[in-house]
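Here is a quick tour of the empty spaces in a protein model, with a stop at some of its strands along the way. Keep the structure open while you read.

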Amino acid sequence: MKYQFPDDFWWGSATSATQSEGASLQDGKSKNIFDYWYEIEPERFHGQIGPENTSTFYDNYQQDILLLKQLGHNTFRTSISWSRLIPSGDGELNPNAVTFYNSMIDNLLANGITPFINLYHFDMPLCMQERGGWESRAVVDAYVRYANICFTLFGDRVKQWFTFNEPIVPVEAGYLGDQHYPCVVDFKRAVTVAYHCVLAHAKVVENYRELKQGGEIGIILNLTPTYPRSDHPADLVAANHADLLLNRSFLDPVTKGAYPDELIRLLRDHDLLPAIESGDCELIASGVIDLLGVNYYQPRRVQAKENPTPQGQVNTPEDLFSFYSMPGRKINPHRGWEIYEKGLYDILTNLRINYGNIPCYISENGMGVEGEEQFITTSGQVDDEYRIEFIRDHLKWLHQALQEGSNCKGYHLWTFIDCWSWLNAYKNRYGFVRLNLADQTRVIKKSGHWFADVAKQKGFN
């Protein structure tokens with residue numbers, strides 16, 4: 001059978017500034033929260049590798065963009081580093097950063113690759129974090145100013161903008177857990193951070209539309225589909241709580257302009273509502289997106305808690321549900337994550353039926369593998385047949401969703417070159433291109449050649 005995709009389908013990959021650029025304290029860039037955290041707690045980072053050098057895209061972007069072209073890309077997403085562009089957070093521009101981003105965008109376009117630019121990918125400037133980070137409305141205002149500057153500088157050429165990548169992650173990892181700085185662990189403060197991110201998003205969308213630059217603006221969400229263990233009412237309630245808190249807390253306001261009533265009730269019941277100011281609801285209503293990026297890696301499987309948490313003692317979302325491992329599931333043994341390809345189809349079907357079939361694309365999907373050097377052939381190439389199988393099996397379900405009328409416009413893999421990952425550094429490799437850390441050489445993996453062929457043929461057999 002031939003899986004054929006539309007002629008204008010977006011084939012590409014995604015990365016972020018912090019994870020790919022390196023040069024983290026060069027050419028006038030100030031520290032972001034990861035630069036600082038690595039400085040004070042290097043032992044928290046795998047192999048004690050910090051964000052200082054990462055994948056050297058800052059120094060090698062011209063040759064890397066030629067690799068993107070070889071990989072058959074017609075689109076590519078990365079982010080702008082706020083702390084590189086405006087080192088003080090809300091003051092003067094860094095001319096080195098302006099030069100770099102202008103050149104990167106021009107190079108992409110010259111090679112027939114449309115730049116998709118994201119404004120925020122977990123990388124709060126340290127100076128802004130010290131002023132409260134997303135808990136502070138003043139920092140929200142600084143972010144809105146930063147976004148406007150980006151539109152003014154680059155909006156003549158960039159026509160696909162995204163306000164945030166996975167805004168739930170800094171909430172979960174930085175304010176509910178301690179996997180990201182500032183490691184707060186406070187449900188109420190976490191809710192405020194999430195709420196302020198939605199306000200920041202909406203204000204930026206509103207401002208972008210006023211500029212009339214002829215592009216589209218959206219957000220990138222990791223819409224992890226939530227599956228209850230059984231049809232037992234308690235399991236269904238648990239799954240609904242997980243979905244409300246971890247998916248719909250961002251999906252509904254950015255696509256419908258309002259929060260789900262059920263979510264508001266749930267937060268009110270546990271005294272977790274954020275401080276809402278006059279004008280907030282109108283602002284959120286104006287922040288409905290043009291385009292949704294969907295990141296999908298694994299499903300979320302949920303069951304009711306064995307011992308329900310007493311009323312008034314909810315300190316984390318997991319006081320309302322428990323995770324469980326489905327027997328017989330397919331696992332990526334390296335990452336420990338379940339592989340469930342149909343989840344991609346289920347997300348797209350939900351968007352089609354319940355969210356007005358909003359224009360969207362798969363903005364991240366991928367397979368992290370530890371110890372990939374064991375798969376290097378005598379010719380020096382990584383024989384990552386497992387990654388080809390992973391991508392192909394997800395694309396089959398994406399194709400099925402398209403057949404049923406999904407408004408999905410493309411597929412981006414995470415990532416184009418093995419990149420540094422927050423606390424995991426280079427433990428798990430995700431790229432189409434292998435990065436040799438010793439000398440920074442790049443070699444396209446088998447999956448990269450396969451993907452280039454798929455993009456060229458606009459499908460596969």
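Which residues lie nearest the centre of the second largest pocket? They are Tyr195, Tyr259, Leu263, Leu267 and Pro274, part of a lining of 27 residues. Bear in mind that this is a predicted model.

**The second largest pocket**

This pocket has a volume of about 430 Å³. Helices do a lot of the work here: H8, H9 (187–211), H10 (233–256), H11 (261–269) and H12 (280–285) are the elements that give two or more residues to its lining. H9 has the largest share, with 6 residues. If you colour the lining by class, you'll find 23 nonpolar residues, 2 polar ones and 2 charged ones.

**The largest pocket**

Now move over to the largest pocket, which holds about 1400 Å³ of space. Its lining takes in 45 residues, and Val169, Glu172, Gln298, Arg335 and Trp337 are the ones nearest the centre. Helix H8 (168–176) and the strands E9 (300–303) and E12 (337–338) are the elements that give two or more residues to this lining. H8 gives the most, with 5 residues. The class split is 19 nonpolar, 16 polar and 10 charged.

**The largest cavity**

Pockets aside, the model also has 4 cavities of 30 Å³ or more. Why look for them with a probe? Rolling a probe the size of a water molecule over the atoms shows where empty space is left.

The largest cavity contains about 80 Å³ of space. There are 13 residues around it, with Ile33, Tyr120, Pro170, Tyr181 and Pro182 nearest its centre. Helix H2 (33–40) and H8 each supply at least two residues of this lining, and the largest share, 3 residues, comes from H8. No charged residues line the largest cavity; the lining is made up of 10 nonpolar and 3 polar residues.

Here are the three linings by class:

| Space | Nonpolar | Polar | Charged |
|---|---|---|---|
| Largest pocket | 19 residues | 16 residues | 10 residues |
| Second largest pocket | 23 residues | 2 residues | 2 residues |
| Largest cavity | 10 residues | 3 residues | 0 residues |

**A sheet with a helix across it**

E9, which you met at the largest pocket, also belongs to an open sheet of 3 strands in the order E7-E9-E10, with mixed pairing. The edge strands, E7 (226–228) and E10 (322–323), each pair on one side only. Between E9 and E10 the pairing is antiparallel, over 2 bridges, and Gln303 sits opposite Ser322 in E10. H10, one of the helices at the second largest pocket, lies across E7 and E9 and runs at about 135 degrees to E9.

**An enclosed strand**

Last stop: is strand E14 enclosed or open? E14 covers residues 408–414, and 6 of its 7 residues are buried, so it is largely enclosed by the rest of the structure. Buried here means under 20% relative accessible area.

E14 also has strand partners. With E2 (residues 10–14) it pairs in the parallel sense over 5 bridges, and Ala14 stands opposite Trp414 in E14. With E13 (residues 360–364) the sense is parallel too, over 2 bridges. There, Tyr411 in E14 is the bridge partner of Ile362. As a viewing tip, in a regular strand the side chains alternate between the two faces of the sheet.

Conventions. Residues are numbered from 1 along each chain as its sequence is written. This is a predicted model: local features need pLDDT of at least 70, side-chain atom pairs count only at pLDDT 80 or more; totals for chains, interfaces and linings use all residues. Side-chain values use heavy atoms; hydrogens and water are left out. On a 1 Å grid over the protein atoms alone, a cavity is a set of points where a 1.4 Å probe fits but cannot get out, and a pocket is an open set with protein on both sides within 12 Å along at least five of seven lines; lining residues have an atom within 4 Å of a point. Grid points are joined across faces, edges and corners, and a volume is the space filled by probe spheres set on the points. Helices (H or I, at least four residues) and strands (E, at least two) are DSSP runs, numbered from the N terminus. Ala, Val, Leu, Ile, Met, Phe, Trp, Tyr, Cys and Pro count as nonpolar, Asp, Glu, Lys and Arg as charged, and the others, Gly among them, as polar. Two strands pair if DSSP finds at least two bridges between them. Contact means heavy atoms within 4.5 Å. Axes are lines fitted to C-alpha atoms, for helices over the stretch in contact, and angles run from 0 to 180 degrees between N-to-C directions. Buried means under 20% relative accessible area, exposed over 50%, partly exposed in between (1.4 Å probe, protein chains only).
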